[in-house]
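Visitor: I have the sequence and the coordinates open. Please take me through the geometry, one question at a time.

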Amino acid sequence: MSLSIIKPGLLDTIQDMGRNGYGNWGVNPGGAMDQYAAKVSNLLVGNCCTEGVIEIHFPGPQILFEQNTLISITGGNFSPTLNDEPIPLWQPVVVRKNTVLHFPKQLRGARCYISVHGGFCIDKWLHSVSTNLKAGLGGFQGRPLRKGDELSFKENTVYFAGLLKEENNLQILPWRVNEEKIYRFPHEIALIPGKEWEQLTEASRNQFLENNFTIHPSSDRMGYHLKGVPLELQQSMNLVSSAVSFGTIQLLPEGQLIVLMAEHQTTGGYPRIAHVITAHLPKLAQLQPSDCVQFKMVDMKDAEYLLSLQEKELHILQRACHDHLNELVC
Amino acid sequence: MTDSFEIFPLGDSAVTIDLGNTIREDLNDKVLAMQRWLVENSFEGYIDSIAAYSSLSAFYDPVEVGRRHPSSSSAFAFVSERLREAYEQSAVRPAGSGEPIRIPVCYEAPLAPDLLLLAEKMERTPEEIIHLHTSRVYRVYMIGFLPGFAYLGETSELLAIPRKPRPVPVNAGSVGITGRQTGIYPLDSPGGWYIIGRAPVVLFDPDLTPPARLAIGDAVEFYPITLKEFGRLHLL
């Protein structure tokens, strides 16, 4: 009842929706970078959307399934194959025992999410299975997956064998999520102005909204460094540290920007120029070094409305997946 | 007490109330009072709150808040109103009334990589710097940056120094200073503060509740120990 890592990828970690509620201890939420993709991956296989998934980057891992199970892969497209047979993204797939999942080529996106029906057996730390690499806690032994690691499944998934036709290594189930709306216009990222937005010079405010910024190679799960025209404050500011959030765009002393991502620390003291709206964090999470971004300001109502639409669709998807799965296995 | 505050969005899922962007005990006491009020008067969709020097930020699920409180014009408006109430209704309890927590620090060379450099920069002897660092009781103003990292203040103005231009690798237990602040790194981490010693104490233990040894409002003082004592305490 498990899978094992034959060959690890660049950075494979267990993540969920993050470790929320411990900011006062300095414990950051972390969690999946692309929370939409992680949620959908879970829903497709009949899990609750907060279940732990494997977040992978490119090059991806090679994974051996030691048990028949139902999986789904969402997020970036690393052209996944099972024993060299292509398998689709955003769709549930029954996989046979002793087959190998492999990610030969990065076509699009920066990270993807692998879920199994029922989820993985991982001890929670502070109510979450997300891996906190800095503290070496949470997830699978507080570290990225390595060669030989075995992840047990919570549920006995043997009954999916009945869905596999003889000789076939996999069976693609006939429902799929249309993710296009979420990732449409991948480089256009909507923002809400930050506390120090008005403190930028007028020229810098215009430059910020009119120019593209490029994601720097030093970007990671903690933050994206942006390369672009340096921005200036009307006068230098001395801020005492305060809380920051996923999507906060800070202005560094040399005039460059950093967007705080999932693994950001809880507090910071740099000027807060703007904040990426939550509905656009999945798009941003799928961009990678050398990709460019173009920012635009929206108001709070738009931000809340877009997010409520996403949530509504996830809700409908959850019900549909549940019904489909029940029809198949009962 | 403070008589002014500002409430502003920290994105679409968090709101901050700021009492003045300064390091002051009375403001920090009020931040703590507001946080207590908010936890006691929590709302559906509330996720967490982070207390900092002079501000409190409330994190929430905007969809849940919107669904549960449809009469508000937006989730942001609803949470902003709760923070306003927290400001108006919370009662300050002075913190740190207990005895200071005493933390041993070894200021000897192998564990104090920046002490000589600092002494040179500040035109003082290392002993003077150690004396300045150990002759005050500090307050924990906030926890942040790393799990269990306590921001302690204020240090003597004679110790004030800007942060290093670039962060360097720092060992767990290292005691650093910058500005009018001092703190202890709970984990190995890159850090930009000047390291003047090391404390043989565990500041973050995931098996304890709470895992962080220090909490906002605590009083802390440092006392010097020798390298030998450090070695003995470190093994405990």
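**Backbone, packing and domains**

Guide: A:Q141 sits in the loop between β10 (108-116) and β11 (150-152) of chain A. The model is predicted.

Visitor: What is the sign of phi at A:Q141, and what is its approximate value?

Guide: The loop between β10 and β11 of chain A holds this residue. A:Q141 is not a glycine, yet its phi is positive, near 50°.

Visitor: Is A:Q141 buried or exposed?

Guide: Exposed means over 50% relative accessible area. A:Q141 has 59%, so it counts as exposed.

Visitor: Where is A:D84, and is it buried or exposed?

Guide: A:D84 is a non-glycine residue with a positive phi of about 70°. It is placed in the loop between β6 (81-82) and β7 (85-86) of chain A. With a relative accessible area of 68%, A:D84 is exposed.

Visitor: Which residues does the cis peptide bond with omega of about -15° join?

Guide: One partner, B:E154, is in the loop between β7 (150-153) and β8 (168-170) of chain B. The cis bond with omega of about -15° joins B:G153 and B:E154.

Visitor: What is omega for the cis peptide bond between B:T209 and B:P210?

Guide: B:P210 belongs to the loop between β12 (194-198) and β13 (219-225) of chain B. For the cis bond from B:T209 to B:P210, omega is about -5°.

Visitor: How are α1(A) and α5(A) oriented to one another?

Guide: Helix α1 (residues 35-44) and helix α5 (residues 300-329) of chain A have axes 9 Å apart and pack at an angle of about 20°. Angles under 35 degrees count as roughly parallel. The orientation of α1(A) to α5(A) is therefore roughly parallel.

Visitor: How many nonpolar, polar and charged residues make the contact of α1(A) with α5(A)?

Guide: From α1(A) come A:Y36, A:K39, A:V40, A:L43 and A:L44. The α5(A) side includes A:E311, A:L314, A:L317 and A:C321. By class, the contact of α1(A) with α5(A) has eight nonpolar, two polar and two charged residues.

Visitor: What is the orientation of α4(B) to α5(B)?

Guide: In chain B, helix α4 (residues 115-122) packs on helix α5 (residues 126-134) at about 95°, with their axes 9 Å apart. Since 65 to 115 degrees counts as roughly perpendicular, α4(B) is roughly perpendicular to α5(B).

Visitor: Which residues form the contact of α4(B) with α5(B), and of what class are they?

Guide: On α4(B) they are B:L115, B:L116, B:L118, B:A119 and B:M122, and on α5(B) they are B:P126, B:I129 and B:I130. The contact has no polar and no charged residues; its eight residues are nonpolar.

Visitor: Which residues is B:V63 in contact with, beyond its neighbours within four places in sequence?

Guide: B:V63 lies in helix α2 (residues 62-68) of chain B. Its relative accessibility is 10%, so it counts as buried. Beyond those neighbours, B:V63 is in contact with A:L307, A:S308 and A:E311.

Visitor: And which residues is B:H69 in contact with, with the neighbours within four places again left aside?

Guide: B:H69 is in the loop between α2 and α3 (75-89) of chain B. At a relative accessible area of 17%, B:H69 is buried. Its contacts outside those neighbours are B:F43, B:E44 and B:F78.

Visitor: How much area do domain 1 and domain 2 of chain A bury between them?

Guide: The assignment for chain A gives domain 1 (2-178) and domain 2 (188-298). Their contact involves 25 residues of domain 1 and 16 residues of domain 2. Half of the buried area, 50%, is on carbon and sulfur atoms, and the total is about 1400 Å².

Visitor: Which three residues of domain 1 of chain B lose the most area to domain 2 of chain B?

Guide: In chain B the assigned domains are domain 1 (6-89) and domain 2 (101-235). Between them they bury about 870 Å², 58% of it on carbon and sulfur atoms. Together supplying 56% of what the domain 1 side buries, the three residues are B:I23, B:N28 and B:Y53.

Definitions and conventions: Residues are numbered from 1 along each chain as its sequence is written. Chains are lettered from A and ligands numbered from 1 in the order in which they are written. This is a predicted model: local features need pLDDT of at least 70, side-chain atom pairs count only at pLDDT 80 or more; totals for chains, interfaces and linings use all residues. Side-chain values use heavy atoms; hydrogens and water are left out. Axes are lines fitted to C-alpha atoms, for helices over the stretch in contact, and angles run from 0 to 180 degrees between N-to-C directions. Helices (H or I, at least four residues) and strands (E, at least two) are DSSP runs, numbered from the N terminus. Angles under 35 degrees count as roughly parallel, over 145 as roughly antiparallel, 65 to 115 as roughly perpendicular and the rest as oblique. Contact means heavy atoms within 4.5 Å. Ala, Val, Leu, Ile, Met, Phe, Trp, Tyr, Cys and Pro count as nonpolar, Asp, Glu, Lys and Arg as charged, and the others, Gly among them, as polar. Buried means under 20% relative accessible area, exposed over 50%, partly exposed in between (1.4 Å probe, protein chains only). Domain bounds come from an automatic or database domain assignment. Buried area is the accessible area (1.4 Å probe) that two parts lose on being put together, summed over both.
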